[in-house]
Amino acid sequence: MEYIDIHSHIKMENNLDSVIKNAHEKNVVITTVGVDKKSNRKCLEIKTKNPEVQICLGIYPKHVLEITEEELDSEIEFIRKNKNKIVGISEVGLDLFESEEIEKQKRGFGKFVNLAKELDIPVIVHSRKAEEIAINFLENFEYKKIIMHCFSGNFKLIQRIIDNGWSLSIPTNVVHSEHFQKIISICPLEQLFCETDSPYLHPAKKFPNEPANVVRSYEKIAEIKKLSLEEVRDKIGENWERIFGKS
Ligand SMILES: [Zn+2]
């Protein structure tokens with residue numbers, strides 16, 4: 001079984017080949033995500049050249065605000081056409097840190113959640129400074145394949161995510177973040193994933209981060225849940241197969 005980084009932005013790296021090689025050496029599956037039209041096409045290009053890399057396509061909340069409804073709909077159609085190449089919808093969500101214009105963000109986000117539902121693939125959600133709004137909004141969809149990425153909301157909200165049967169992904173900065181360490185201790189292993197959010201959130205606060213480092217999140221889960229690294233890797237591998245439909 002392999003380690004899986006469910007969320008990274010490797011298209012931003014100029015040393016793409018060595019990032020992919022390092023991940024391969026550490027037995028790490030890379031999932032890289034698109035944030036706009038251009039990066040979605042870059043993800044597809046990476047996938048064509050490196051079939052072992054998994055990809056998610058989507059439009060990041062800030063970029064939803066920069067395009068018209070027609071452009072958004074045509075991008076959704078583009079993603080639908082490429083459904084056989086993707087494992088999830090990301091990076092999508094709501095963000096009140098970068099803009100307070102929430103209604104248009106919600107309209108766009110809703111379309112992506114419906115697309116994920118239609119394709120029966122997970123939606124990996126960004127919810128910075130909009131954690132409660134995002135949960136309220138997502139509860140309307142009655143969809144289980146929801147993964148809250150790098151979730152910074154409070155523990156009442158985290159409990160709601162768990163009770164809804166959704167998942168949380170633990171970034172590599174967990175090594176120095178009590179918040180994410182506490183998420184590990186309260187969330188069942190069946191609802192956990194790991195991510196690097198490369199090039200951000202380096203475990204040693206450096207830049208850039210890379211998918212090979214995702215093992216640090218797995219190690220922290222093993223330590224807190226008092227399990228072996230192999231048990232954690234295999235269990236999360238089962239989560240991956242169940243929710244992303246990949247083996
Ligand atoms: Zn991200």
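**Close-up views of a predicted model**

**View 1. Helix 9 and helix 10 make a right-handed crossing.** Everything shown here and in the following views comes from a predicted model. The axes of helix 9 (residues 215–225) and helix 10 (residues 229–244) approach to within 9 Å and cross at roughly 110°. Angles from 65 to 115 degrees count as roughly perpendicular, so helix 9 is roughly perpendicular to helix 10. On the helix 9 side, look for Y218, E219, I221 and A222; they meet L229, V232 and R233 in helix 10. By residue type, this contact divides into five nonpolar, no polar and two charged.

**View 2. Helix 9 has buried residues, among them V215 and I221.** Also buried in this helix are R216, S217, Y218 and K220. Their cover includes strand 1, strand 2 (28–33), strand 7 and strand 8, together with helix 8 (178–186) and helix 10. Y218 and I221 therefore appear twice in this tour: they are buried, and they also take part in the contact with helix 10. Just past the end of helix 9, have a look at the backbone of K226, where phi is positive, near 50°.

**View 3. Eight strands form an open sheet with parallel pairing.** The strands are arranged in the order 1-2-3-4-5-6-7-8. At the edges stand strand 1 (3–8) and strand 8 (192–195); each has a single partner strand, so one side of each is left without a neighbour in the sheet. Averaged over the sheet, neighbouring strands are turned by 25° against each other, direction ignored.

**View 4. Strand 6 and strand 7 run parallel and are joined by three bridges.** Strand 6 covers residues 146–149, and strand 7 covers residues 167–171. A handy pair to find here is M148 and L168, as M148 stands opposite L168 in strand 7. Elsewhere on the sheet, helix 5 (residues 102–119) packs against it, touching strand 4 (88–93) and strand 5 (123–126). The direction of helix 5 makes about 165° with that of strand 4.

**View 5. K21 sits in helix 1.** This helix spans residues 16–25. Is K21 buried or exposed? K21 counts as exposed, because it has 12 C-beta neighbours inside 10 Å and the cut-off for exposed is 12 or fewer. To find a residue far away along the chain, turn to A212: K21 and A212 are 191 residues apart in sequence, while their C-alpha atoms are separated by 9.0 Å.

Definitions and conventions. Residues are numbered from 1 along each chain as its sequence is written. This is a predicted model: local features need pLDDT of at least 70, side-chain atom pairs count only at pLDDT 80 or more; totals for chains, interfaces and linings use all residues. Two strands pair if DSSP finds at least two bridges between them. Helices (H or I, at least four residues) and strands (E, at least two) are DSSP runs, numbered from the N terminus. Axes are lines fitted to C-alpha atoms, for helices over the stretch in contact, and angles run from 0 to 180 degrees between N-to-C directions. Two residues are in contact if their C-beta atoms, placed from the backbone, lie within 7 Å. Angles under 35 degrees count as roughly parallel, over 145 as roughly antiparallel, 65 to 115 as roughly perpendicular and the rest as oblique. A crossing is left-handed if the near helix is turned anticlockwise from the far one by less than a right angle, and right-handed if clockwise. Ala, Val, Leu, Ile, Met, Phe, Trp, Tyr, Cys and Pro count as nonpolar, Asp, Glu, Lys and Arg as charged, and the others, Gly among them, as polar. A residue is buried if 20 or more other C-beta atoms lie within 10 Å of its own, exposed if 12 or fewer, and partly exposed in between; C-beta atoms are placed from the backbone.
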